[in-house]
Amino acid sequence: MAFSALFIILLLVALPVSLAITLVVYFIYKFFYNKHLNKAIQSETKISKWLSPFVVVLITVGCCVALVLGMTYMLYMYQYNTNSGSATMNQAMLQINEKNGVYEVKSNTGFLMQKQFDLDGVSITTYNNENELFAVFDIKDSEKVDYFMVYEGDSAKKVEYKDLDDKFLNPFEMYLDIQYENEPIKIEVYSDDSADPIGEAVFH
């Protein structure tokens with residue numbers, strides 16, 4: 001099931017549950033709050049002041065929102081975590097499963113082409129059907145490989161394989177919607193030490 005569908009189901013369940021929890025907390029707290037208030041009025045001694053029921057309702061709503069956001073984040077990580085365990089990228093045609101670094105790719109159209117490119121410093125495995133491309137980059141030597149250039153038709157884009165902390169991602173994955181029919185797709189491998197590509201993979 002796609003993440004968007006699971007999120008909608010979670011939202012539909014979370015809203016009435018959150019409302020029920022908020023009402024229960026409100027009435028229970030209001031009962032004890034009123035008892036405390038009556039005791040404070042009748043007593044001559046100073047009694048500690050309680051939060052108003054409205055403030056407690058706001059706190060409860062905030063906790064429910066935080067809980068739903070936390071569950072959404074865990075659901076997202078479960079669906080798309082590709083570092084350990086098993087994950088599925090539910091694209092339109094390609095079905096991509098990864099478990100412990102091993103990829104299984106299937107195509108709903110019945111057509112799937114797989115190619116292997118062993119280049120200087122990197123090995124690239126590509127899977128594609130008529131509309132989509134999925135590539136897995138196995139970096140053999142991070143000293144040689146710094147980034148990739150991906151060309152499709154007249155478009156070109158630079159693809160880096162480091163995260164925000166400048167750490168290498170390996171294996172590194174890339175998914176493309178094929179935009180130009182019958183146009184070759186080319187992936188060039190670059191090193192910061194050279195202005196020219198140190199290797200390329202071309203396929204249709």
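A nonpolar core, as used here, is a set of buried Ala, Val, Leu, Ile, Met, Phe, Trp, Tyr and Cys residues joined through side-chain atoms within 4.5 Å. Keep that in mind for the first exercise, and remember that the model is predicted.

**Exercise 1. The cores**

Work out which residues touch the most other members of the largest nonpolar core, and which elements supply it.

*Solution.*
- Step 1: start with the membership. The largest nonpolar core has 20 residues, and those touching the most other members are Val-122, Ile-124, Phe-137, Phe-148, Met-174 and Ile-187.
- Step 2: map the core onto the strands. Two or more residues come from each of β5, β6 (132-139), β7 (147-152), β9 (172-177), β10 and β11. The top contributor is β6, with four residues.
- Step 3: zoom in on Phe-148. Skipping neighbours within four places in sequence, its contacts include Val-122, Phe-137 and Ile-187. Polar company turns up too, with Lys-157, Lys-158 and Glu-188 among the contacts of Phe-148.
- Step 4: check for a second cluster. Another core, of seven residues, lies apart from the largest one, and Leu-94, Ile-96, Val-105 and Tyr-127 are among its members.

**Exercise 2. An open sheet**

Find the strand order of the four-stranded open sheet and pick out its edges.

*Solution.*
- Step 1: read off the order, which is β8-β7-β10-β11, with antiparallel pairing.
- Step 2: look for strands that pair on one side only. Those are β8 (155-160) and β11 (199-203), the edge strands.
- Step 3: get the twist. Ignoring direction, neighbouring strands in this sheet are turned by 15° against each other on average.
- Step 4: inspect one pair. Strand β10 (residues 185-190) runs antiparallel to β11, and five bridges join them. Ile-187 has Ala-201 of β11 as its bridge partner.

**Exercise 3. A hairpin**

How many bridges join β4 to β5, and which residue in the hairpin takes a positive phi?

*Solution.*
- Step 1: count the bridges. Seven of them link β4 (residues 113-119) with β5 (residues 122-128), and the two strands run antiparallel.
- Step 2: go to the turn end, where Leu-119 has Val-122 in β5 as its bridge partner.
- Step 3: look between the strands. The hairpin has two residues there, and Gly-121 takes a positive phi near 90°.
- Step 4: link back to the first exercise. Val-122 is also one of the residues with the most contacts to other members of the largest nonpolar core.

**Exercise 4. Two cysteines, one question**

Decide whether Cys-64 is in a disulfide or in none, then describe its surroundings.

*Solution.*
- Step 1: apply the cut-off. A disulfide needs two cysteine sulfur atoms within 2.5 Å. The cysteine sulfur nearest to that of Cys-64 belongs to Cys-63, 7.0 Å away, and Cys-64 is in no disulfide.
- Step 2: widen the search. The whole structure has zero disulfides.
- Step 3: place the residue. Cys-64 sits in helix α2 (residues 53-80). Cys-64 counts as buried because its relative accessibility is 12%, and the limit is under 20%.
- Step 4: list the partners. Beyond four places in sequence, Cys-64 is in contact with Ser-18, Ile-21 and Thr-22. The C-alpha atom of Ala-14, 50 residues away along the chain, is 8.4 Å from that of Cys-64.

**Exercise 5. Charged side chains**

How many salt bridges are there, and how accessible are the residues in three of them?

*Solution.*
- Step 1: the count comes to four salt bridges.
- Step 2: take Lys-106 and Glu-104, whose closest N and O atoms are 3.4 Å apart. Lys-106 is partly exposed at 48%, and Glu-104 is partly exposed at 41%.
- Step 3: take Asp-138 and Lys-140, which meet at 2.9 Å, N to O. Asp-138 is partly exposed at 31%, whereas Lys-140 is exposed at 58%.
- Step 4: take Glu-188 and Lys-186, at 3.3 Å, N to O. Glu-188 is buried at 7%, and Lys-186 is partly exposed at 26%.

**Exercise 6. An acid in a loop**

Is Asp-146 buried or exposed, and what does Asp-146 touch?

*Solution.*
- Step 1: locate Asp-146 in the loop between β6 and β7.
- Step 2: classify it. Asp-146 has a relative accessibility of 16%, so it counts as buried.
- Step 3: collect the contacts. Not counting residues up to four places away in sequence, Asp-146 touches Tyr-161, Tyr-190, Ser-191 and Asp-192.

How values were computed
Residues are numbered from 1 along each chain as its sequence is written. This is a predicted model: local features need pLDDT of at least 70, side-chain atom pairs count only at pLDDT 80 or more; totals for chains, interfaces and linings use all residues. Side-chain values use heavy atoms; hydrogens and water are left out. Two strands pair if DSSP finds at least two bridges between them. Axes are lines fitted to C-alpha atoms, for helices over the stretch in contact, and angles run from 0 to 180 degrees between N-to-C directions. Buried means under 20% relative accessible area, exposed over 50%, partly exposed in between (1.4 Å probe, protein chains only). Contact means heavy atoms within 4.5 Å.
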